[in-house]
Amino acid sequence: MSVIFEEQVMSCEKLVATVAGRPASYVRAGNGPELLVLHTSGGPLWTPLLELLSTGRQVYMPVLPGFGGSEMVDGVNDVGGLADWVAAFKHEVIGESPVDVFGGSFGGQVALHLAANHADCVETMVLEAPSGVVAGPPTAGRPTLFAYPEKAKDLLPDAATAKANSEAFRAYGGTAPSDPMLADLLPGIHQPTLVIMGTLDAVVPAQSGQYLARHLPNCKLTYLYDAGHGAQVDQPERMFRVMRHFLDKGPAFIVANREYA
Amino acid sequence: MKFGFFNLMPWPHYPEPPKVYPTPNRDYDPEIGQRLYNDYVDLLVHAEACGFDWVACNEHHFSPYGTMANCNLIGSILARETRTIGLAMIGNLLPLSNPVRVAEEYAMIDVMSGGRLIAGFMRGVPHEYIAYNSPPAESRDRQKEAAELVMKCWTEPEPFGWEGQHYQFRSISIWPRPIQQPPRVLMSASNEESATVAAQSRAIMAMGLIHDLKAARANVETYHRVARECGWEPTVDHVLMGASTCICETDAEAHDVFASALDYFHDTLMKPTYDALKLVAQAGYFTRQKAGASYDSRLDKVVARKSIDEMIEAGSIFCGSPKSVTEQIRRFGRELGCGGINLSMQIGNLPIPMVRKGMDLFHAEVLPHVRDL
């Protein structure tokens, strides 16, 4: 059913579960194999990409504590702690079997911790410009967040929620140039992973994708042409095309298939 | 000033002007063609001994005026047959090719030649779009995307995929990768829009078919302005101009043989191409109204019945004795502020020995006077 969520009408439900003894909001939509979505530091935005994904997947997007107007949770203080919380959410709401995970930017960083520390939770990962991998200055003269900001204007939260999102992001250490834990964790992450980088990304340096392609044991890197950091907002159809192929076929997605063209 | 020797590799034996596009190939004699390729390659190799800084090849399809369907085939020969001269492929038609294949073949030429490639990223003239059955309206978007993809193929250290508007590849890792990181790129800058793209791409700007020095100068200024806006400052080596060239012992001889060769080029070899342009316009592309400074408009101006002197004055050609050509090059360089000139010397049905003689005259009597410009 369609519900009102953050003043938008969407084909998704906003539900509440109990995680570690506290209420936890999440968004659910669609039917099919489960897909756990870890949102960006911009909060739980129901983007056109998620709408497309929900046509073939049962999408679960927990509202990470501190984001989207929610409260921080005691004891969840860093990205690793957030990944532990996500694992608890996943066991509580989705079940014990491993699921596919999609993380955008900060959510991608959380997903890497989840895959490293809770390998039994993750089947396959898609990471959109994950943060925390490699420190690097923004590229001058390029769009800062979106190549097509007009596509984002109806998605963004109100000023107070945006401010709280930024504070939560900072509280988890998301603003650090790079995540000191990741370098040691990456070689132990064996799940098939697709990293998607926008060719116009000016937030996460291109070297991040290259670093992951080199250091994750089972990683594919794809550039999304004409997309900024918010690739799923800039080019949702293209991103859906390659994501669907990878989620369905895993590493064999490199074999051409007209069904995914 | 640096100089290139450009050979279109035309078919010089056409019995009479063909009337339609595409030119029927029944008049192509492959036995003669074999000897021609051999002689043309010899000329390109000879350019190194004549002091040219690069040799240039290009790509045309279904065309008796230029018989290189893939200039990389010639480029690979030159990589072996020459030692120091630059190899300018000007170039592969990016919107009509598989960009990954372009990246691979260019990388092979760069490696085989020890890093001497100048990589042309060309969009192609309208009739090429008929030849390869690609809608002309997509050409600019395809060009932009393909250029970015080729550059990624050359510079990415890890295998990567590409999900674009026109191109999708799941996992790319070209072998070999080029020596130059990345190779020098050259792009057409024949109008304001393409000059802008060349500057944004930090590519060498190249202009041929000049019909008016002031209009060409305006493109150079656009290129410099956009480059500055993008945060970089081009050198004179980033500005490359082209001109058809004929050098003989005397002005009278040069004027006479070049007039005849240009007549053959425009009236015979190019006729089907002009017809193709009309068809492209008839199909709704490149209309007179939209043409502005675009290809067909400029081409009309270049080929409009002008005398040799008028073409020299317009900056379209260099023609005459070594002394006259020296003066023409000086004026041309002064007006345009270019650091390189591509001399297209194998025009129409100019006899090969005459072209070779012109190259030798350039080396002995022109180059010493224009090298330090």
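**Exercise 1.** Which residues in α2(B) and α3(B) meet? Work on the predicted model shown above, then sort out how the two helices are oriented.

*Solution.*
- Start by finding the helices: α2 of chain B covers residues 71-81, and α3 of chain B covers residues 99-112.
- Next, list the contacts. From α2(B) you get B:N72, B:G75, B:S76, B:A79 and B:R80, which meet B:E105, B:M108, B:I109 and B:M112 of α3(B).
- Sort that set by class: four residues are nonpolar, three polar and two charged.
- Now for the geometry. The two axes come within 9 Å, with a crossing angle of roughly 15°.
- Angles under 35 degrees count as roughly parallel, so α2(B) and α3(B) are roughly parallel to each other.
- Finish with the hand: α2(B) and α3(B) make a left-handed crossing.

**Exercise 2.** Work out what chain B brings to its contact with chain A, and which strands pair there.

*Solution.*
- Count both sides to begin with: chain B puts in 16 residues, and they touch 18 residues of chain A.
- Then ask where the chain B residues sit. Elements giving two or more of them are α5 (139-155), β5 (160-163) and β6 (168-172) of chain B.
- β5(B) supplies the largest share, four residues.
- On chemistry, chain B's side splits into five nonpolar, five polar and six charged residues.
- Now look at the strands. β10 of chain A (residues 219-224) pairs with β5(B) in the parallel sense, over three bridges.
- To pin down the register, take A:L224, which stands opposite B:E163 in β5(B).

How values were computed
Residues are numbered from 1 along each chain as its sequence is written. Chains are lettered from A and ligands numbered from 1 in the order in which they are written. This is a predicted model: local features need pLDDT of at least 70, side-chain atom pairs count only at pLDDT 80 or more; totals for chains, interfaces and linings use all residues. Two residues are in contact if their C-beta atoms, placed from the backbone, lie within 7 Å. Ala, Val, Leu, Ile, Met, Phe, Trp, Tyr, Cys and Pro count as nonpolar, Asp, Glu, Lys and Arg as charged, and the others, Gly among them, as polar. Two strands pair if DSSP finds at least two bridges between them. Axes are lines fitted to C-alpha atoms, for helices over the stretch in contact, and angles run from 0 to 180 degrees between N-to-C directions. Angles under 35 degrees count as roughly parallel, over 145 as roughly antiparallel, 65 to 115 as roughly perpendicular and the rest as oblique. A crossing is left-handed if the near helix is turned anticlockwise from the far one by less than a right angle, and right-handed if clockwise.
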